[in-house]
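Thank you all for coming. I would like to walk you through one model this morning, beginning with the chain as a whole and then turning to its sheet.

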Amino acid sequence: MRYGIISDIHSNKQALDAVLEQLNDVDRVICLGDIVGYGPEPNECVEIVKGLDGITIVGNHDLASLGEKDVEFFNPHAKEAILWTATRLNEESKRYLRNLPFKARFENAIVVHGSLKDFTDEYILSVYDASESFELLEDEILLIGHTHTPCYFQKSDRVYGERLRNGDIIKIDGEKKIINVGSVGQPRDGDNRATFALFDTEKREIKIKRIPYDISETQRLMRECALPDFLIRRLEMGI
Ligand code: ZN
């Protein structure tokens, strides 16, 4: 089986379209949450993900946009975009987001947005954070998003971590792994290309891919919606 793994679309339909074009031959698409927030086309992105009929879990921005999480914990730009998204979401989108699970399993993997300690909110940024989730990890692989930075952690005799770049391959070899698949709609590792992963169960590998998309069109739509200027500029910088 071949799975496309995507996360943190953040209402960026141009990026989502570009990624899905690359995934048209996979057996299933797995989405790790934050379909909405930040970007200009929340309903369009929900509609597309819903139509994929894969596995999708919920992220912190999805919950906040539904009013199910206190927006005061978000930075001012994120908060402004969440409040804007909340006014834009139609009933159908809300119903879909409200019914998404916090975690899901497929093959030898479990998927959550943040971490196993806090499914939607904790950022796994360090070896220490990863160690805590490894303690709770019963499956071979934990797939996550949330930080918008592709990376992986492995546990053998000790835990170590590494950033992942375009084309990097992680071999599935029986050692427990935490893999962050990066962000489709708002990459933050200095590379402004949309990020996703391909999980090939026959080859026993997960590959990170980057793909350019029409950033200026997303920015144009964001300006039309009067979304915060910093959120518009960060897309081209990949931060
Ligand atoms: Zn996110």
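Let me begin with a term: by a contact I mean heavy atoms within 4.5 Å. Please also keep in mind that what you see is a predicted model. With that meaning of contact, and counting those with a separation of 6 or more, residues 24 or more positions apart account for 71% of the contacts in the protein.

Turning to the overall make-up, the protein has eight helices and twelve strands. Its radius of gyration is 17 Å, close to the 18 Å that the globule rule gives for 239 residues, so the protein is as compact as a globular protein of that length. Taken along the principal axes, the box filled by the C-alpha atoms is roughly 50 × 35 × 30 Å. Of the 239 residues, 58% count as buried, while the area that the protein exposes comes to about 10,200 Å², with carbon and sulfur atoms supplying 45% of it.

Now to the sheet, which is open and is formed by six strands in the order β3-β2-β1-β11-β12-β9, with mixed pairing. At its edges are β3, residues 55–56, and β9, residues 169–171, each of which pairs on one side only. Helix α1, residues 13–22, packs on this sheet, where it touches β1 (2–6), β11 and β12, and its direction makes about 25° with that of β11.

Finally, strand β11, residues 194–200, runs antiparallel to strand β12, residues 205–211, and seven bridges join the two; within this pairing, leucine 198 stands opposite lysine 207 in β12.

Conventions. Residues numbered from 1 in each chain as written. Predicted model: local features only at pLDDT ≥ 70, side-chain atom pairs only at ≥ 80, totals over all residues. Heavy atoms only, no water. Pairing = 2+ DSSP bridges. Helix = DSSP H or I, 4+ residues; strand = E, 2+ residues; numbered from the N terminus. Axes fitted to C-alpha atoms, helices over the stretch in contact; angles between N-to-C directions. Rg over C-alpha atoms; globule rule 2.2 N^0.38 Å. Buried < 20%, exposed > 50% of the residue type's maximum accessible area, 1.4 Å probe, protein only. Areas by Shrake-Rupley, 256 points an atom, 1.4 Å probe, with all protein chains shown as cover.
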